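Here is a friendly walk through some side-chain contacts and surface features of one protein model. Have the sequence and the 3D view open as you read.

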Amino acid sequence: MEATCCHAHSRIDVCQSGECPVSRRATRVAAPHAALTSPGWPVAFATAGLFEVGGALLLESWVLLAEGMRQSLLGMGAIAMHFAKRLSARGPTERLSFGFGRAKVLVRLLMAVTGVGLSVALLILCLLHDPTNLEPSGFALPVLALFALAMGLQAREPARPGHAAGRLLPAFLSGPAIGALAAAGSLAWWGSAWWPADRIAAVLVLLAVGYGSAKAMWSPLCELMSACPQEVDMLRLERRVLTLHGVTCLHDLHVWSICGEQRWLSAHIGIGCSRQWPALQRELQHLLRHEFGIGHATLQPEPPEYRALATTRSRADIPLDDHSH
């Protein structure tokens with residue numbers, strides 16, 4: 001018996017209008033994020049960050065250097081995300097049946113790895129740098145610090161309406177608190193001429209960005225490895241499928257996501273009779289879509305004559321009463 005795809009189309013089919021349905025859906029998903037990639041926003045932050053880096057190097061302020069690095073990474077990451085979104089909106093091809101949705105995942109992973117590398121490098125240089133004769137002079141330092149504070153307070157990525165994750169960029173890059181900490185550290189150094197104030201604030205900023213970067217690596221890595229989304233309870237999913245009338249066993253169940261927006265499922269379903277499958281398929285499709293948010297499901301029905309299975313999950317393997325909810 002052939003596998004059945006619960007979605008209305010196959011992964012590489014094109015509808016009669018010539019436009020791929022997955023491509024249309026990707027366009028609709030991308031529409032609420034337009035504020036993130038407005039024309040001036042990423043370029044402004046990248047330019048401001050590079051300006052802060054140059055000024056911090058001239059003034060020998062490590063905390064402003066760390067803040068400039070953060071804002072540069074934020075702006076450049078948003079620019080890269082803009083092109084990744086445009087790429088992911090393209091439809092599937094014969095060789096890339098899932099399309100280009102993971103381009104955004106690669107950008108997020110690259111940003112996180114870059115954040116870890118730059119934070120560790122600057123932290124080592126900051127701790128090894130000789131602090132002798134470090135005395136701020138003039139008003140260039142407070143002006144640059146206030147500029148960094150103003151830009152840092154604007155470093156807020158617009159939330160994605162209706163999306164639980166809420167962000168395309170890592171939260172550690174778009175938090176205004178780090179900009180306030182950087183400005184406070186540099187102003188304290190300028191006001192008191194106590195150089196450890198700048199160094200301590202720089203270490204805190206770099207530790208925050210480095211820790212956030214390392215933490216942000218886990219989600220894109222899981223998506224690239226086709227891990228099950230955290231929002232999907234696999235045990236509960238198995239239990240719900242096995243409670244459906246006509247389902248006798250379940251095996252080879254796989255759930256994964258593409259860029260956290262599309263959830264896919266494949267499974268082999270043991271059924272008592274081949275005639276039950278059309279009605280059971282509709283019931284499974286409704287269950288997966290409305291209870292688990294899985295809109296793409298490929299199911300292989302297996303009546304008793306196909307039951308020579310190596311590994312099978314049956315009703316006896318999983319308790320059917322749900323004590324966890």
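## Helix α9 and its cap

Let's start with helix α9 (residues 234-242), whose buried residues are Leu 237, Glu 238, Arg 239, Val 241 and Leu 242. Buried here means under 20% relative accessible area, while exposed means over 50% and partly exposed covers what lies in between (1.4 Å probe, protein chains only). Helices (H or I, at least four residues) and strands (E, at least two) are DSSP runs, numbered from the N terminus. The N-terminal end of α9 is capped by Asp 233, which places a side-chain oxygen 3.2 Å from the backbone nitrogen of Leu 235.

A word on the background: this is a predicted model, in which local features need pLDDT of at least 70 and side-chain atom pairs count only at pLDDT 80 or more, while totals for chains, interfaces and linings use all residues. Residues are numbered from 1 along each chain as its sequence is written, and side-chain values use heavy atoms, with hydrogens and water left out.

## Salt bridges

How many salt bridges are there by the rule used here? The count comes to five, where a salt bridge is a side-chain nitrogen of Lys or Arg within 4 Å of a carboxyl oxygen of Asp or Glu. One of them ties helix α9 to another helix: Glu 291 and Arg 236 meet through their side chains at 3.4 Å, N to O. This pair links distant parts of the chain, with Glu 291 in helix α10 (residues 277-292) and Arg 236 in helix α9, 55 residues apart. Salt bridges that share partners bring Arg 236, Arg 240 and Glu 291 together in one network. Glu 291 is partly exposed, at 35% relative accessibility, and Arg 236 is also partly exposed, with a relative accessible area of 22%.

Another salt bridge joins Arg 263 to Glu 231, with the closest N and O atoms 3.6 Å apart. Here too distant parts of the chain are linked: Arg 263 is in strand β3 (residues 262-271) and Glu 231 is in the loop between α8 (218-224) and α9, 32 residues apart. Glu 231 is exposed, with a relative accessible area of 58%. For a pair within one helix, look at Glu 67 and Arg 70, whose side chains form a salt bridge of 2.9 Å, N to O. Both lie in helix α3, three residues apart, or about one turn of the helix. An α-helix has 3.6 residues a turn, so residues three or four places apart point the same way. Glu 67 is buried, with a relative accessible area of 0%, and Arg 70 is buried with a relative accessible area of 0% as well.

## Polar contacts and positive phi

Ser 61 sits in the loop between α2 and α3 (62-88) and counts as buried at 1% relative accessibility. Its side chain makes a polar contact of 2.7 Å with the side chain of Asp 198. A polar contact is a pair of N or O atoms within 3.5 Å; within protein, one must be able to donate a hydrogen and the other to accept it, and residues adjacent in sequence count only if both atoms are side-chain atoms. Glu 60 is in the loop between α2 and α3, and its phi is near 55°, a positive value in a residue other than glycine. Glu 60 is partly exposed, with a relative accessible area of 41%.

Strand β2 (residues 247-258) contains His 251, and Asp 252 is found in strand β2 too. A polar contact of 3.2 Å joins their side chains. Is His 251 buried or exposed? His 251 counts as buried at 7% relative accessibility, whereas Asp 252 counts as partly exposed at 38%. Asp 252 has a positive phi of about 50° although it is not a glycine. Most residues other than glycine have a negative phi.

## Aromatic rings

The structure holds one aromatic pair. Phe 51 and Phe 147 form it edge-to-face, at 5.4 Å centre to centre and 80° between the planes. Phe 51 belongs to helix α2 (residues 41-59) and Phe 147 to helix α5 (residues 140-153), so the pair links distant parts of the chain, 96 residues apart. Rings of Phe, Tyr and Trp (its six-membered ring) pair if their centres lie within 6.5 Å; planes under 30 degrees apart count as stacked, over 60 as edge-to-face and the rest as tilted. Phe 51 is exposed, with a relative accessible area of 52%, and Phe 147 is partly exposed at 30%.
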